[in-house]
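Work through these exercises with the model open beside you. Try each task before reading its solution.

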Amino acid sequence: MDLSTVALPPVSEKPATLFVALELSKATWLVALHSPAADKVSLHRLAGGDTQELLTLIARKRDQAQTALARPVHVMSCYEAGYDGFWLHRLLCASGLDNRVLDAASILVDRRSRQAKTDRLDAAALLRTLMALDRGEPRVCRVVRVPSPEHEDERRRSRERARLVNERGQHASRIKGLLMTQGIRDFAPTRRNWRERLAELRTADGRALAACLTAEIERECRRLWQVIGMIAEVEAEQVHAAEKAATGAVQLSRLRGIGLTSASILADEVFFRSFQNRREIAGYLGLASSPWNSGAVSRDQGLQRSGNPRARRTAIELAWLWLRHQPESDLARWFQERVGAGKGRIRRTMIVALARKLMVALWRYVTQGLVPEGAVIKG
């Protein structure tokens, strides 16, 4: 049912608001509603994924409220970001609802005692949070920025590649661990002649590898090479996509020291968003500090680490690469002036500051076309 087509009574006053909070799970959906016509919360349990019944319920409750109040009723809904993704958000918005997707980790909880958790309590907490947002309290929780379907699909490549690279490392470590139990340390499973070398292997005490162990290592190597082939496919798709359209990833990859893979991660995870200033960038990446100032106590608790972990790891990696490939840039000189010949902790601390400055400089490069001072463009 399309709620945007439901007939409304003549507009005489400011529209009232019907608040709807959804507690989602695979089996059931718990719907909490607060109607402006009755000062109480009603709970309704639906089968998981039954959108038709959900829209019918909301339409019925809105009609009842409009009849009781003799004025239009606006519907505002929310649910936590999670397993269901964003398809439900798009469906609710297309049906005429003002929906919000909330970050579950940002919702306040009672810290006084052991926390009770049930679907009913969670739905009620969501409803209170949604009502606070409507009252004009934007800091009561974080609202997730929902990407477009096209952008959500495009960033699958960089995320899939990250998972495949992690899986490649797991297979390689498993193979080396199995061989280490036999005293073999020099086998490289990523070489193309791994089958021939596996057949020639001998244990440290001169014995041939046992049959079951050889079969297990062979299967593990086949899985490893299947993953390697998938990584090559994803990287080829990234190159093809970059050749078809001039995107932020292509622009970033023109700078020396930034490859297409890292540029794709930054374009997909960071620079598709709109930032107002450098502090917002640092906060999104989790590279901002966490001060503790209370009375006479003033100290820094370190990085927030509350932003996008995938983007934060990429920013730190690029900071190290920037020092190697852009040594004459102002950012690299700034780092060397403060660190000098220092090693260890001072370098690890300052590389985070460099990563933060580098992300701000790249943001200005993508949005305004300002090349970082002293940076070299690839020929």
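**Exercise 1. Find which residues are linked with Glu269 in a network of salt bridges.**

Solution. Start from the rule: a salt bridge puts a side-chain nitrogen of Lys or Arg within 4 Å of a carboxyl oxygen of Asp or Glu. Glu269 shares its network with Arg159 and Arg310. The structure as a whole holds 15 salt bridges.

Keep the source in mind: this is a predicted model, where local features need pLDDT of at least 70 and side-chain atom pairs count only at pLDDT 80 or more, while totals for chains, interfaces and linings use all residues. Residues are numbered from 1 along each chain as its sequence is written, and side-chain values use heavy atoms, with hydrogens and water left out.

**Exercise 2. Work out which parts of the chain the salt bridge of Arg161 and Glu235 links.**

Solution. First check the contact: N and O of Arg161 and Glu235 are 3.0 Å apart. Next, place the partners. Arg161 belongs to helix α5 (residues 156-180), and Glu235 to helix α7 (residues 211-244). Helices here are DSSP runs (H or I, at least four residues) and strands likewise (E, at least two), numbered from the N terminus. The two residues stand 74 residues apart, so the pair links distant parts of the chain. Last, look at accessibility. Buried means under 20% relative accessible area, exposed over 50%, and partly exposed in between (1.4 Å probe, protein chains only). Glu235 is partly exposed, because its value is 28%.

**Exercise 3. Explain why Arg222 and Glu218 are separated by about one helical turn.**

Solution. Both sit in helix α7, 4 residues apart, which means about one helical turn between them. Their salt bridge has its closest N and O atoms 3.7 Å apart. Arg222 is partly exposed at 42%. Glu218 is partly exposed too, at 27%.

Now take another pair. Glu137 and Arg135 form a salt bridge at 3.2 Å, N to O. Glu137 is partly exposed at 36%, whereas Arg135 is exposed at 57%.

**Exercise 4. Say how many disulfides the structure has, and why Cys78 forms no bond.**

Solution. Apply the cut-off: a disulfide is a pair of cysteine sulfur atoms within 2.5 Å. The count is 0 disulfides. For Cys78, the closest cysteine sulfur is in Cys141, 7.8 Å away, and therefore too far for a bond. Cys78 is buried, at 0% relative accessibility. Cys212 is in no disulfide either; its nearest cysteine sulfur, in Cys221, lies 16 Å away. Cys212 is exposed, at 66%.

**Exercise 5. Classify the aromatic pair of Trp29 and Trp87: stacked, edge-to-face or tilted?**

Solution. Rings of Phe, Tyr and Trp (its six-membered ring) pair if their centres lie within 6.5 Å; planes under 30 degrees apart are stacked, over 60 edge-to-face, and the rest tilted. The structure holds 2 aromatic pairs. For Trp29 and Trp87, the centres are 6.4 Å apart and the planes at 35 degrees, a tilted pair. Trp29 is in strand β2 (residues 28-34) and Trp87 in helix α2 (residues 87-94), so the pair ties together parts 58 residues apart in sequence. Trp29 is buried at 1%. Trp87 is partly exposed at 40%.

Then Phe275 and Tyr284: centres 5.9 Å apart and planes at 55 degrees, so this pair is tilted. Both residues, Phe275 and Tyr284, are buried.

**Exercise 6. Find which residue lies over the face of Trp334.**

Solution. A charge sits over a ring if NZ of Lys or CZ of Arg is within 6 Å of the ring centre and within 35 degrees of the ring normal. Lys357 lies over Trp334, 5.0 Å from the ring centre.
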